[in-house]
Structures are given as structure tokens and as C-alpha cells.
Amino acid sequence: QVQLVESGGGLVQSGGSLRLSCAASGFTFSRNDMSWYRQAPGKERELVAIITPVGGRNYADSVKGRFTISRDNAKNTVYLQMNSLKPEDTAVYYCKAPVISKWGQGTQVTVSS
């Protein structure tokens, strides 16, 4: 059974940092792109960052220079290091693999001003 389990969210003040983790199982993690998405209430889910199997990275313009996506294939885990957080970053954050159609529970990130 495929699973993506996000963790690491919480409440942080503007300018603070959080590190999100996503533990994956049930598929060949090392062969897949892994992505982070986020969704704020009333808004569409949006792509935040993506990392390829060979370590190529892309980011949404809104998070460039502040967020870093990384992966540990030995642990089947993808991370999102979030620095210089802004209130606009408040959302539920989800990880995603293209071979998995279902979303996990996500992890809530709340940034206070």
C-alpha cells in the first residue's frame, strides 16, 4: 500500500524556519520526482517545489531563495527546509509523487505576523 506521511509543520513567527518531512512507502522512491504542494483555505493547491531523482530542483517564484527541497533515498524521505517564513506561506503542505494519485493528510504550517 502506497503512503505519503507528512510531518514537521507548526506555528512559527514571520522570519522563522521549519523543516517538513515526508516519509514515503509502497513505491520505488528513488526513481520518482518528489514534490511539495501547499493549499491555503479557499485557494487552489499549488506546486511549491520539485526534486528529480538526480537532484534537479525547481521552485515556485514565491519561495525561491527561501525554501530548499532535498531527498534521502536511503530513508525514502523528502524534505522541505523553509526559511524566512512569511504569513503568505500559511497553508497545509503536502508531498506528492507522480505514481501516487492519493494525497496524504498534509501538515499545517501557520506563520504569524
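These legends walk through several close-up views of a predicted model.

**View 1. A sheet of four strands.** Let us begin with the open sheet whose strands run in the order β1-β3-β8-β7, with antiparallel pairing. At its edges stand β1 (3-7) and β7, and each has a single partner strand, so one side of each is left without a neighbour in the sheet. Neighbouring strands here are turned by 15 degrees against each other on average, direction ignored.

**View 2. Where β1 meets β3.** Moving in on one edge of that sheet, we find β1 paired with strand β3 (residues 18-25) in the antiparallel sense, over five bridges. Which residue of β3 stands opposite Glu 6? The residue to look for is Cys 22.

**View 3. The two faces of β7.** Strand β7 covers residues 67-72, and its side chains alternate along the way. Phe 67, Ile 69 and Arg 71 point to one face and are buried. Thr 68, Ser 70 and Asp 72 point to the other face and are not buried. If you follow the strand residue by residue, you can see the side chains switch from one face to the other.

**View 4. The hairpin of β7 and β8.** Here β7 pairs with strand β8 (residues 77-82) in the antiparallel sense over six bridges. The two strands form a hairpin, with four residues between them. Asp 72, at the β7 side of this pairing, stands opposite Thr 77 in β8. In the turn, have a look at Asn 76: its phi is near 50 degrees, a positive value in a residue other than glycine. Is Asn 76 buried, partly exposed or exposed? Its relative accessibility is 27%, so Asn 76 counts as partly exposed.

**View 5. Ser 84, in the loop after β8.** The loop between β8 and β9 holds Ser 84. This residue has a positive phi of about 50 degrees although it is not a glycine. Ser 84 counts as partly exposed because its relative accessibility is 41%, and the range for that label lies between 20% and 50%.

**View 6. A sheet of six strands.** Now we turn to another open sheet, in which six strands follow the order β2-β10-β9-β4-β5-β6 with mixed pairing. The edge strands are β2 (10-13) and β6 (57-59); each has a single partner strand, so one side of each is left without a neighbour in the sheet. From one strand to the next, the twist averages 25 degrees.

**View 7. β9 beside β10.** Within the six-stranded sheet, β10 and β9 sit next to each other in the strand order. Strand β9 (residues 91-96) and strand β10 (residues 107-112) pair in the antiparallel sense over three bridges. To find your place in this view, start from Val 92, which stands opposite Gln 108 in β10.

**View 8. Asn 58 on an edge strand.** Our last stop is Asn 58, found in strand β6. With 54% relative accessibility, Asn 58 counts as exposed, because that label applies over 50%. Which residues does Asn 58 touch, not counting those up to four places away in sequence? They are Val 48, Ala 49 and Ile 50. Thr 28 is 30 residues apart from Asn 58 along the chain, and the C-alpha atoms of the two are separated by 21 Å.

Definitions and conventions. Residues are numbered from 1 along each chain as its sequence is written. This is a predicted model: local features need pLDDT of at least 70, side-chain atom pairs count only at pLDDT 80 or more; totals for chains, interfaces and linings use all residues. Side-chain values use heavy atoms; hydrogens and water are left out. Two strands pair if DSSP finds at least two bridges between them. Axes are lines fitted to C-alpha atoms, for helices over the stretch in contact, and angles run from 0 to 180 degrees between N-to-C directions. Buried means under 20% relative accessible area, exposed over 50%, partly exposed in between (1.4 Å probe, protein chains only). Contact means heavy atoms within 4.5 Å.
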